[in-house]
Amino acid sequence: MDIDIRGARFGAAVTTVVLAAVLISGSGGLLAWQALCFAVGAVAGVSRSPYGWLFRTVVRPRLGPPSEFEDPAPPRFAQAVGLFFAVVGLVGYVVGPEWLGMAATGCALAAAFLNAVFGYCLGCEMYLLLRRATG
């Protein structure tokens, strides 16, 4: 079942805010929350993630019907990539070095920002490139 593209961009916008707050505060707990959100999105799908639930229950009812849909596989892969960077960031913030946490969080933030603002999903593009490369 295809997903509403606006939900993925909404999730990316919330993720952008959360990851920016992590960089500002250095909060490992907040990054752990984001890692959990990425994990749910990667395993259960972006529409079942906490931000997907928020979009579905609070935001989408206030919008008109969706005009664009997308295959859920690329965003799901993107969530797994985000999870990887969040886990690396957690290691950096909790165990050290702190620069590793900041760098990994910054990479995830850049990707989320591109999706939220420009609709360009780096993880989705990686998914498509991998699919083409593997046949």
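Which residues does Gln79 touch, not counting residues up to four places away in sequence? Select Gln79 and the atoms around that residue, and the list reads Cys37, Phe38, Gly41, Ala42 and Val46, where contact means heavy atoms within 4.5 Å.

Before going further, note that this is a predicted model, in which local features need pLDDT of at least 70 and side-chain atom pairs count only at pLDDT 80 or more, while totals for chains, interfaces and linings use all residues. Residues are numbered from 1 along each chain as its sequence is written, and side-chain values use heavy atoms, with hydrogens and water left out.

**Stop 1: Gln79 and its helix**

Gln79 is found in helix 4; helices here are DSSP runs (H or I, at least four residues), numbered from the N terminus. Is Gln79 buried or exposed? Its relative accessible area is 18%, so Gln79 is buried, given that buried means under 20% relative accessible area, exposed over 50% and partly exposed in between, with a 1.4 Å probe and protein chains only. Now pick the C-alpha atoms of Gln79 and Ala35, which are 44 residues apart along the chain and separated by 9.3 Å.

**Stop 2: helix 2 against helix 4**

Select residues 28–44 for helix 2 and residues 73–94 for helix 4, whose axes come within 8 Å and cross at roughly 155°. Axes are lines fitted to C-alpha atoms, for helices over the stretch in contact, and angles run from 0 to 180 degrees between N-to-C directions. Helix 2 and helix 4 are therefore roughly antiparallel to each other, a label given to angles over 145 degrees, with those under 35 called roughly parallel, 65 to 115 roughly perpendicular and the rest oblique. The crossing of these two helices is left-handed, that is, the near helix is turned anticlockwise from the far one by less than a right angle, whereas clockwise would be right-handed.

To see the contact itself, show the side chains on both helices: among them are Leu31, Ala35, Phe38 and Gly41 in helix 2, which face a set in helix 4 including Arg76, Gln79, Leu83, Ala86 and Tyr93. The residues of this contact divide into 14 nonpolar, 5 polar and 1 charged, counting Ala, Val, Leu, Ile, Met, Phe, Trp, Tyr, Cys and Pro as nonpolar, Asp, Glu, Lys and Arg as charged, and the others, Gly among them, as polar. Centre next on Ala35, which, leaving aside its neighbours within four places in sequence, is in contact with Leu83, Ala86 and Leu90.

**Stop 3: the nonpolar core**

Keep Ala35 selected and add Leu19, Val22, Leu31, Phe38, Ala86, Leu90, Tyr93, Ala108 and Leu109, and you have the largest nonpolar core, 10 residues in all. Such a core is a set of buried Ala, Val, Leu, Ile, Met, Phe, Trp, Tyr and Cys residues joined through side-chain atoms within 4.5 Å. At least two residues of this core come from each of helix 1 (5–25), helix 2, helix 4 and helix 5 (98–118).

**Stop 4: helix 1 against helix 5**

Which way do the axes of helix 1 and helix 5 run where they come within 8 Å? They cross at roughly 150°, and this crossing is left-handed. Among the residues that make the contact are Ala12, Leu19 and Val22 of helix 1, together with Ala108, Leu109 and Phe113 of helix 5. The contact divides into 15 nonpolar, 5 polar and 1 charged.

While on helix 1, select Val18, which is buried with a relative accessible area of 12% and, apart from neighbours within four places in sequence, is in contact with Leu30, Gln34 and Tyr51. Gly7 also lies in helix 1 and counts as buried at 15% relative accessibility.

**Stop 5: two prolines**

Return to helix 4 and select Pro75, which is buried with a relative accessible area of 4%. Pro75 touches Ile3, Val46, Glu70 and Cys124, not counting residues up to four places away in sequence. Finally, move to the loop between helix 4 and helix 5, where Pro97 has its place, and inspect the peptide bond from Gly96 to Pro97, which is cis with omega near -5°.
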